[in-house]
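Let us take a walk through this structure together, one region at a time. Please keep the sequence and the 3D view open as you read.

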Amino acid sequence: MIDHEKYMNRCIELALLAAGNVSPNPMVGAVIVHQDRIIGEGFHQQFGGPHAEVNAVNGVLKNHENAAELLKEATIYVSLEPCAHFGKTPPCADLIIRHEIPNVVIGCRDPFDAVDGKGIEKLQAAGIKVTVGVLENDCKWINRRFFTRVKKQRPYVILKWAQTSDNYFAPEDGSQRWISSAASKKLAHKWRSEEDAILVGFNTARIDNPELTVREWSGKNPKRIVIDKDLSLNDSLNLFNDAAETIVFNSKKTDIQGHIKFLEVENFDHYLPQLILYQLYLMDVQSIIIEGGIKTLKTFIENNLWDEARIFTSNASWANGIKAPQIDGILQTTDPIDTDFLKIYYAPNS
């Protein structure tokens, strides 16, 4: 009996290789099996590039002289339903049909309206045996950003902060004081390379003067987002350098100045986090890290607009200061990071 889960696990491993490179598309892996042996595999490597199924089929065609015969006796495993529409690439369902691959095993359906169920229907109409739901939850989980964007029409929101062992977030006097370790900082920069955008509030931009890039890691810089109601931030701040695109949500103007985009928000003091997230959704931003400060984090928490929280707790004790935010989440993991502990929570409705 063929172990479907073994090959679907391989699809998931392949899909994750594209983390940070395919948004707003999903991460997808594909494996082609002939007589319980992998003869081709691939993943969607870059936004706008060939899909996983195309790369897997091309691997078979490149490496096997009798590729056509092998494909006609093979099973293709795909972590997400093959597309059935013309987007930036032709439909993958058509590719499978053209090569007469007789069996398709799918991890989960694609929630996108242009695909949802249509790829499966097209394959079945061509006489192909389709099995759906192998490691379904795992396949959905790796694309939770994509699923959130499609279903909730907003980016996947990750809260991130550091706090002391006695739960203090920042000094009361508004000064800058580092909490977490160098190893935690490096990990945070890795996270930045994996998400589309990163957001801070006015005070964090003014006091901490962050650059919000991946200086401690190799990868792409996220879009930098700052909330500046009255456009009073100094344009010499690191946020405004040319290392990455910067989006400024404000109440004054909509304009583009080089790599800086100013987006005016009407009724700035009402539904601000909702309006920001919807605007980013319209801009194809699929995921965002909220790094602070305290007011900004609490605004997203109080409006239940978060999916994941990553909290570093150091071994330092301050005895006073601004208390860290409180969340009602489900603790997923607790891991030591040098002298810190990292706790990851998920929102109850995520």
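What follows is a tour of helices, cores and annotated sites.

Please bear in mind that this is a predicted model.

A good place to begin is helix α1, which runs over residues 4–16. Its 13 residues reach 19 Å from the first C-alpha to the last, close to the 18 Å expected at 1.5 Å a residue. Which residues of α1 are buried? They are Tyr7, Met8, Cys11, Ile12, Leu14 and Ala15. Because these buried residues cover an arc of only 165° around the axis, they sit on the same side of α1. The general rule behind such a pattern is that an α-helix has 3.6 residues a turn, so residues three or four places apart point the same way. As for what lies over the buried residues of α1, the cover includes the strands β1 (29–34), β2, β3 and β4 (103–108), together with helix α6 (136–142).

From here we can step into the nonpolar interior. The largest nonpolar core holds 46 residues, and the members that touch the most others are Met8, Ile32 and Tyr77. The element that gives the most to this core is α1, with six residues. Met8 will be familiar, since it is one of the buried residues of α1. Ile32 is worth a closer look in your viewer. Leaving aside neighbours within four places in sequence, its contacts include Arg37, Ile38, Ile39 and Gly40. Others among the contacts of Ile32 are Ala56, Val57, Val60 and Leu71, and the list also includes Ala74, Thr75 and Ile76. Apart from the largest core lies another core, of 33 residues, among them Ala197, Ile276, Leu277 and Ala309.

Now let us turn to the annotated positions. An unreviewed UniProt entry places the feature "binding site" at His51, Cys83 and Cys92. These positions are spread over 42 residues of sequence, yet they cluster in space, with a largest C-alpha distance of 9.2 Å. His51 belongs to the loop between β2 (37–43) and α2 (52–63), while Cys83 is in the loop between β3 (75–80) and α4 (92–98). Is Cys83 buried or exposed? Cys83 counts as buried because its relative accessible area is 7%, and the cut-off for buried is under 20%. Not counting residues up to four places away in sequence, Cys83 touches His51 and Cys92, as well as Pro90, Pro91, Ala93 and Val115. The contacts of Cys83 thus include His51 and Cys92, with which it shares the UniProt annotation.

The annotation "binding site" in the unreviewed UniProt entry also covers Ala162, Trp178, Thr204 and Asp208. Although these are spread over 47 residues of sequence, they too cluster in space, and their largest C-alpha distance is 13.8 Å. Trp178 is found in the loop between β7 (168–170) and α8 (182–194). With 56% relative accessibility, Trp178 counts as exposed. A polar atom of the Trp178 side chain lies 2.5 Å from the backbone oxygen of Ser180. Asp208 lies in helix α9, residues 202–208, and counts as partly exposed at 33% relative accessibility. Leaving out residues up to four places away in sequence, Asp208 touches Gln176 and Asn203.

Asn203 offers a link to our next stop, helix α11. Lys295 is in helix α11, and although Lys295 and Asn203 are 92 residues apart in sequence, their C-alpha atoms are 8.9 Å apart in space. Lys295 is exposed, with a relative accessible area of 68%. Thr299 is also found in helix α11 (residues 294–302), but at 25% relative accessibility it counts as partly exposed. What lies 2.8 Å from a polar atom of the side chain of Thr299? The backbone oxygen of Lys295 does.

Our last stop is Lys160, in strand β6 (residues 156–163). Lys160 is buried, with a relative accessible area of 15%. Setting aside neighbours within four places in sequence, Lys160 is in contact with Ala188 and Trp191, with Ile289, Ile290 and Glu291, and with Leu297, Arg310 and Phe312.

Definitions and conventions. Residues numbered from 1 in each chain as written. Predicted model: local features only at pLDDT ≥ 70, side-chain atom pairs only at ≥ 80, totals over all residues. Heavy atoms only, no water. UniProt positions renumbered as here; feature names shortened; annotations may be inferred. Helix = DSSP H or I, 4+ residues; strand = E, 2+ residues; numbered from the N terminus. Buried < 20%, exposed > 50% of the residue type's maximum accessible area, 1.4 Å probe, protein only. Contact = heavy atoms within 4.5 Å. Polar contact = N/O pair within 3.5 Å; in protein donor to acceptor, adjacent residues only side chain to side chain. Expected span 1.5 Å × (residues − 1). Arc of directions from axis to C-beta. Core = buried A, V, L, I, M, F, W, Y, C linked by side-chain atoms within 4.5 Å.
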